[in-house]
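This note is addressed to a colleague beginning the study of protein structure. Please read the numbered points with the model open beside the text.

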Amino acid sequence: MAQRKMIVFPTKNELSQAMAEYTANLSAKFIKEKGLFTVVLSGGDLIDWLCKLVQPPYIDSIEWSKWHVFWVDERVCAWEDPDSNYKLAMEGFLSKVPIPDKNIYAIDKHWAADGNAEHCAALYEECLKDLVKEKIIPISKKTGYPEFDLQLLGMGPDGHMASLFPNHPQINEKQKWVTHITDSPKPPPKRITFTLPVINSSLYNLMAICDKAPAKSVAEIMKRNNLSLPSAHLSAQVENVWYLDQAAASEL
(Lines give C-alpha, C1' and ligand atoms only; values in the text may rest on other atoms or scores of the structure.)
Protein backbone atom coordinates (compact mmCIF):
# COMPACT_ATOMS: atom_id res chain seq x y z
CA MET A 1 0.00 0.00 0.00
CA ALA A 2 1.22 3.49 -0.86
CA GLN A 3 2.36 5.84 1.89
CA ARG A 4 0.38 9.06 2.33
CA LYS A 5 2.00 11.97 0.53
CA MET A 6 1.00 15.60 1.17
CA ILE A 7 1.41 18.73 -0.97
CA VAL A 8 0.25 22.15 0.26
CA PHE A 9 -0.64 24.80 -2.32
CA PRO A 10 -0.67 28.57 -1.65
CA THR A 11 -4.15 28.96 -3.14
CA LYS A 12 -7.18 26.94 -4.17
CA ASN A 13 -6.54 28.03 -7.76
CA GLU A 14 -3.06 26.46 -7.75
CA LEU A 15 -4.45 23.28 -6.20
CA SER A 16 -7.06 23.17 -8.96
CA GLN A 17 -4.37 23.63 -11.61
CA ALA A 18 -2.25 20.84 -10.12
CA MET A 19 -5.23 18.49 -9.94
CA ALA A 20 -5.97 19.06 -13.62
CA GLU A 21 -2.36 18.36 -14.55
CA TYR A 22 -2.23 15.24 -12.37
CA THR A 23 -5.47 13.91 -13.89
CA ALA A 24 -4.43 14.73 -17.47
CA ASN A 25 -1.04 13.03 -17.04
CA LEU A 26 -2.63 9.85 -15.69
CA SER A 27 -5.26 9.93 -18.42
CA ALA A 28 -2.50 10.02 -21.06
CA LYS A 29 -0.51 7.29 -19.29
CA PHE A 30 -3.38 4.80 -18.97
CA ILE A 31 -4.84 5.46 -22.42
CA LYS A 32 -1.40 4.80 -23.91
CA GLU A 33 -0.93 1.64 -21.82
CA LYS A 34 -4.39 0.05 -22.12
CA GLY A 35 -6.59 2.20 -24.34
CA LEU A 36 -8.90 3.58 -21.62
CA PHE A 37 -8.96 5.50 -18.34
CA THR A 38 -11.24 4.77 -15.38
CA VAL A 39 -11.81 7.76 -13.13
CA VAL A 40 -13.95 7.95 -10.01
CA LEU A 41 -15.49 11.24 -8.86
CA SER A 42 -16.92 12.34 -5.54
CA GLY A 43 -19.31 15.19 -4.76
CA GLY A 44 -18.98 18.38 -2.77
CA ASP A 45 -16.59 21.05 -3.97
CA LEU A 46 -14.47 18.63 -5.97
CA ILE A 47 -16.33 19.31 -9.21
CA ASP A 48 -15.57 23.06 -8.90
CA TRP A 49 -11.89 22.25 -8.49
CA LEU A 50 -11.95 20.20 -11.69
CA CYS A 51 -12.83 23.33 -13.66
CA LYS A 52 -9.31 23.63 -15.10
CA LEU A 53 -9.80 20.39 -17.05
CA VAL A 54 -12.45 22.03 -19.20
CA GLN A 55 -10.05 24.82 -20.19
CA PRO A 56 -7.00 24.81 -22.48
CA PRO A 57 -4.63 23.04 -22.71
CA TYR A 58 -6.52 20.08 -21.21
CA ILE A 59 -9.89 20.36 -22.92
CA ASP A 60 -8.26 19.82 -26.33
CA SER A 61 -5.46 17.41 -25.43
CA ILE A 62 -7.28 14.76 -23.35
CA GLU A 63 -8.75 11.77 -25.22
CA TRP A 64 -12.15 12.14 -23.59
CA SER A 65 -13.71 9.33 -25.63
CA LYS A 66 -11.53 6.83 -23.73
CA TRP A 67 -12.71 7.94 -20.28
CA HIS A 68 -15.01 5.81 -18.10
CA VAL A 69 -16.51 7.78 -15.21
CA PHE A 70 -17.83 6.48 -11.88
CA TRP A 71 -18.90 7.88 -8.51
CA VAL A 72 -17.29 6.83 -5.22
CA ASP A 73 -20.60 7.68 -3.53
CA GLU A 74 -23.97 9.07 -4.43
CA ARG A 75 -26.99 10.50 -2.68
CA VAL A 76 -30.06 8.34 -3.27
CA CYS A 77 -32.33 10.90 -4.92
CA ALA A 78 -33.55 11.81 -8.39
CA TRP A 79 -30.89 12.75 -10.93
CA GLU A 80 -32.49 16.22 -11.14
CA ASP A 81 -32.35 16.75 -7.37
CA PRO A 82 -29.93 19.51 -6.24
CA ASP A 83 -28.39 16.95 -3.82
CA SER A 84 -27.40 14.58 -6.66
CA ASN A 85 -23.66 14.15 -7.24
CA TYR A 86 -24.54 13.11 -10.80
CA LYS A 87 -26.31 16.45 -11.41
CA LEU A 88 -23.41 18.36 -9.87
CA ALA A 89 -20.81 16.55 -12.01
CA MET A 90 -22.93 16.75 -15.14
CA GLU A 91 -23.55 20.49 -14.90
CA GLY A 92 -20.10 21.49 -13.69
CA PHE A 93 -17.89 19.13 -15.69
CA LEU A 94 -19.25 16.22 -17.71
CA SER A 95 -21.56 18.25 -19.98
CA LYS A 96 -18.52 20.33 -21.04
CA VAL A 97 -16.36 17.43 -22.25
CA PRO A 98 -17.08 14.85 -24.99
CA ILE A 99 -17.17 11.67 -22.87
CA PRO A 100 -19.64 9.20 -24.47
CA ASP A 101 -22.85 8.86 -22.43
CA LYS A 102 -22.41 5.08 -22.32
CA ASN A 103 -19.10 5.59 -20.47
CA ILE A 104 -20.75 7.51 -17.62
CA TYR A 105 -21.97 5.12 -14.92
CA ALA A 106 -24.51 6.86 -12.72
CA ILE A 107 -26.70 5.44 -9.98
CA ASP A 108 -29.85 3.72 -11.34
CA LYS A 109 -32.26 6.51 -12.25
CA HIS A 110 -35.52 4.77 -11.33
CA TRP A 111 -34.49 3.30 -7.98
CA ALA A 112 -32.64 6.46 -6.95
CA ALA A 113 -35.78 8.55 -7.49
CA ASP A 114 -37.67 5.88 -5.54
CA GLY A 115 -35.28 6.30 -2.59
CA ASN A 116 -34.28 2.62 -2.36
CA ALA A 117 -30.68 2.87 -1.14
CA GLU A 118 -30.10 -0.85 -0.66
CA HIS A 119 -31.26 -1.72 -4.17
CA CYS A 120 -29.26 1.17 -5.69
CA ALA A 121 -26.09 -0.14 -4.00
CA ALA A 122 -26.74 -3.68 -5.28
CA LEU A 123 -27.36 -2.43 -8.83
CA TYR A 124 -24.21 -0.28 -8.81
CA GLU A 125 -22.16 -3.26 -7.67
CA GLU A 126 -23.77 -5.33 -10.44
CA CYS A 127 -22.78 -2.63 -12.95
CA LEU A 128 -19.14 -2.84 -11.76
CA LYS A 129 -19.18 -6.64 -12.02
CA ASP A 130 -20.46 -6.43 -15.60
CA LEU A 131 -17.63 -4.03 -16.45
CA VAL A 132 -15.11 -6.45 -14.94
CA LYS A 133 -16.47 -9.11 -17.32
CA GLU A 134 -16.19 -6.62 -20.19
CA LYS A 135 -12.54 -5.94 -19.24
CA ILE A 136 -13.21 -2.26 -18.56
CA ILE A 137 -12.27 -2.62 -14.87
CA PRO A 138 -9.62 -5.15 -13.85
CA ILE A 139 -9.61 -6.98 -10.53
CA SER A 140 -6.57 -6.06 -8.44
CA LYS A 141 -4.14 -8.97 -8.20
CA LYS A 142 -3.09 -7.65 -4.78
CA THR A 143 -6.50 -7.14 -3.20
CA GLY A 144 -9.12 -9.07 -5.19
CA TYR A 145 -11.30 -5.96 -5.50
CA PRO A 146 -11.98 -3.81 -8.60
CA GLU A 147 -9.01 -1.64 -9.51
CA PHE A 148 -9.73 1.87 -10.79
CA ASP A 149 -7.01 4.03 -12.30
CA LEU A 150 -7.72 7.25 -10.39
CA GLN A 151 -10.15 8.37 -7.71
CA LEU A 152 -10.63 12.06 -6.93
CA LEU A 153 -11.80 12.35 -3.36
CA GLY A 154 -12.70 14.99 -0.82
CA MET A 155 -12.97 15.01 2.97
CA GLY A 156 -15.66 16.52 5.18
CA PRO A 157 -14.88 18.56 8.32
CA ASP A 158 -15.74 15.44 10.39
CA GLY A 159 -13.08 13.40 8.55
CA HIS A 160 -15.52 11.42 6.41
CA MET A 161 -14.70 10.38 2.84
CA ALA A 162 -17.11 9.05 0.24
CA SER A 163 -20.13 8.18 2.44
CA LEU A 164 -18.02 6.46 5.08
CA PHE A 165 -18.72 8.42 8.28
CA PRO A 166 -17.16 8.31 11.76
CA ASN A 167 -18.91 5.90 14.15
CA HIS A 168 -20.85 4.21 11.35
CA PRO A 169 -20.38 0.53 10.43
CA GLN A 170 -19.97 0.96 6.65
CA ILE A 171 -16.20 1.50 7.07
CA ASN A 172 -15.90 -2.16 8.21
CA GLU A 173 -17.70 -3.71 5.22
CA LYS A 174 -15.40 -6.12 3.40
CA GLN A 175 -17.74 -8.44 1.49
CA LYS A 176 -19.52 -5.92 -0.70
CA TRP A 177 -18.00 -3.57 -3.27
CA VAL A 178 -20.80 -1.03 -2.83
CA THR A 179 -22.80 -0.57 0.34
CA HIS A 180 -25.56 1.80 1.47
CA ILE A 181 -26.37 4.07 4.38
CA THR A 182 -29.81 5.33 5.43
CA ASP A 183 -28.79 7.46 8.44
CA SER A 184 -26.02 9.68 7.08
CA PRO A 185 -25.17 12.36 9.66
CA LYS A 186 -24.91 14.77 6.74
CA PRO A 187 -28.13 15.18 4.72
CA PRO A 188 -29.52 13.61 2.68
CA PRO A 189 -29.57 10.48 4.88
CA LYS A 190 -29.78 7.85 2.10
CA ARG A 191 -26.61 7.19 0.11
CA ILE A 192 -24.57 4.51 -1.60
CA THR A 193 -20.80 4.29 -1.31
CA PHE A 194 -17.82 2.24 -2.42
CA THR A 195 -16.48 0.21 0.46
CA LEU A 196 -13.02 0.87 1.90
CA PRO A 197 -11.33 -2.14 0.21
CA VAL A 198 -12.56 -0.89 -3.19
CA ILE A 199 -11.43 2.68 -2.49
CA ASN A 200 -7.99 1.45 -1.43
CA SER A 201 -7.63 -0.86 -4.44
CA SER A 202 -7.46 2.15 -6.74
CA LEU A 203 -4.03 2.63 -8.32
CA TYR A 204 -3.97 6.38 -7.64
CA ASN A 205 -6.00 8.23 -5.00
CA LEU A 206 -5.97 12.01 -4.88
CA MET A 207 -7.58 13.56 -1.79
CA ALA A 208 -8.24 17.29 -2.32
CA ILE A 209 -9.07 19.44 0.72
CA CYS A 210 -9.62 23.19 0.86
CA ASP A 211 -10.77 25.78 3.38
CA LYS A 212 -10.54 26.09 7.15
CA ALA A 213 -13.43 23.78 8.18
CA PRO A 214 -11.58 20.45 7.71
CA ALA A 215 -8.22 21.74 9.09
CA LYS A 216 -8.66 20.08 12.50
CA SER A 217 -9.40 16.69 10.92
CA VAL A 218 -6.43 17.12 8.56
CA ALA A 219 -4.18 17.64 11.59
CA GLU A 220 -5.67 14.64 13.41
CA ILE A 221 -4.85 12.46 10.41
CA MET A 222 -1.45 13.88 9.49
CA LYS A 223 -0.06 14.25 13.02
CA ARG A 224 -1.77 11.43 14.90
CA ASN A 225 -3.13 9.12 12.19
CA ASN A 226 -6.42 9.14 14.10
CA LEU A 227 -8.16 6.04 12.72
CA SER A 228 -11.54 7.03 14.15
CA LEU A 229 -11.67 9.34 11.11
CA PRO A 230 -12.51 7.36 7.97
CA SER A 231 -10.19 9.41 5.75
CA ALA A 232 -7.21 8.24 7.83
CA HIS A 233 -7.78 4.78 6.33
CA LEU A 234 -7.21 5.98 2.76
CA SER A 235 -4.48 4.21 0.87
CA ALA A 236 -3.80 3.25 -2.78
CA GLN A 237 -1.88 0.68 -4.77
CA VAL A 238 0.57 3.14 -6.37
CA GLU A 239 0.09 6.64 -4.95
CA ASN A 240 -1.99 8.16 -2.16
CA VAL A 241 -1.56 11.92 -2.50
CA TRP A 242 -3.25 14.66 -0.49
CA TYR A 243 -3.58 18.14 -2.00
CA LEU A 244 -4.31 20.86 0.57
CA ASP A 245 -4.69 24.60 0.30
CA GLN A 246 -3.16 26.83 3.01
CA ALA A 247 -6.39 27.02 4.99
CA ALA A 248 -6.85 23.25 5.13
CA ALA A 249 -3.22 22.89 6.26
CA SER A 250 -3.45 25.67 8.84
CA GLU A 251 -3.46 23.38 11.91
CA LEU A 252 -0.41 21.38 10.86
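The points below take up the annotated region, the largest pocket, selected residues and the backbone of this predicted model.

1. Annotated region. The UniProt record, an unreviewed entry, carries the annotation "domain: Glucosamine/galactosamine-6-phosphate isomerase" for residues 11-240. In the model, helix makes up 33% of the chain over residues 11-240 and strand 15%. The C-alpha atoms at the two ends of this stretch lie 21 Å apart.

2. The largest pocket. Its volume is about 380 Å³. The lining comprises 24 residues, of which Gly44, Gly154, Met155, Gly156 and Lys186 are the closest to the centre of the pocket. At least two lining residues come from each of α2 (46-49), β4 (73-75) and β8 (204-209). By chemical class, the lining consists of eleven nonpolar, seven polar and six charged residues.

3. Leu128. This residue belongs to helix α6, which spans residues 117-133. Is Leu128 buried or exposed? Its relative accessible area is 0%, under the 20% limit, and therefore Leu128 counts as buried. Leaving out residues up to four places away in sequence, Leu128 touches Phe70, Ile137, Phe148, Trp177, Val178 and Phe194. A further spatial relation concerns Pro146: 18 residues separate Leu128 and Pro146 in sequence, and their C-alpha atoms are 7.9 Å apart.

4. Glu239. This residue lies in strand β9 (residues 239-245). A relative accessible area of 18% is under the 20% limit, so Glu239 is classed as buried. With which side chains does the side chain of Glu239 make polar contacts? One partner is the side chain of Lys5, at 2.6 Å; another is the side chain of Tyr22, at 2.6 Å. When neighbours within four places in sequence are set aside, the residues in contact with Glu239 are Ala2, Lys5, Tyr22, Leu203, Tyr204 and Asn205.

5. Helix α8. Within this helix (residues 215-224), the buried residues are Ala215, Ser217, Val218, Ala219 and Ile221. Against which strands do the buried residues of α8 pack? They pack against β1 (4-9), β8 and β9. An α-helix has 3.6 residues a turn, so residues three or four places apart point the same way. The student may wish to keep this in view when reading the list of buried residues.

6. Positive phi values. Most residues other than glycine have a negative phi. Two residues deserve attention in this respect. Asn225 comes just after α8, in the loop between α8 and β9, and has a phi near 45 degrees. With a relative accessible area of 36%, Asn225 is partly exposed. Lys135 has a phi near 65 degrees, which is also a positive value in a residue other than glycine. Lys135 sits in the loop between α6 and β5 (150-154). The relative accessible area of Lys135 is 71%, over the 50% limit, and so Lys135 is exposed.

7. Cis peptide bonds. Most peptide bonds are trans. Where are cis bonds found here? The bond from Pro56 to Pro57 is cis, with omega near 0 degrees, and Pro57 is in the loop between α2 and α3 (58-61). Pro187 and Pro188 are also joined by a cis peptide bond, with omega about -5 degrees. Pro188 is in the loop between β6 (178-181) and β7 (191-194).

Note on methods: Residues are numbered from 1 along each chain as its sequence is written. This is a predicted model: local features need pLDDT of at least 70, side-chain atom pairs count only at pLDDT 80 or more; totals for chains, interfaces and linings use all residues. Side-chain values use heavy atoms; hydrogens and water are left out. On a 1 Å grid over the protein atoms alone, a cavity is a set of points where a 1.4 Å probe fits but cannot get out, and a pocket is an open set with protein on both sides within 12 Å along at least five of seven lines; lining residues have an atom within 4 Å of a point. Grid points are joined across faces, edges and corners, and a volume is the space filled by probe spheres set on the points. Helices (H or I, at least four residues) and strands (E, at least two) are DSSP runs, numbered from the N terminus. Ala, Val, Leu, Ile, Met, Phe, Trp, Tyr, Cys and Pro count as nonpolar, Asp, Glu, Lys and Arg as charged, and the others, Gly among them, as polar. Buried means under 20% relative accessible area, exposed over 50%, partly exposed in between (1.4 Å probe, protein chains only). Contact means heavy atoms within 4.5 Å. A polar contact is a pair of N or O atoms within 3.5 Å; within protein, one must be able to donate a hydrogen and the other to accept it, and residues adjacent in sequence count only if both atoms are side-chain atoms. UniProt positions are given in the numbering used here, feature names are shortened, and annotations may be inferred rather than shown by experiment.
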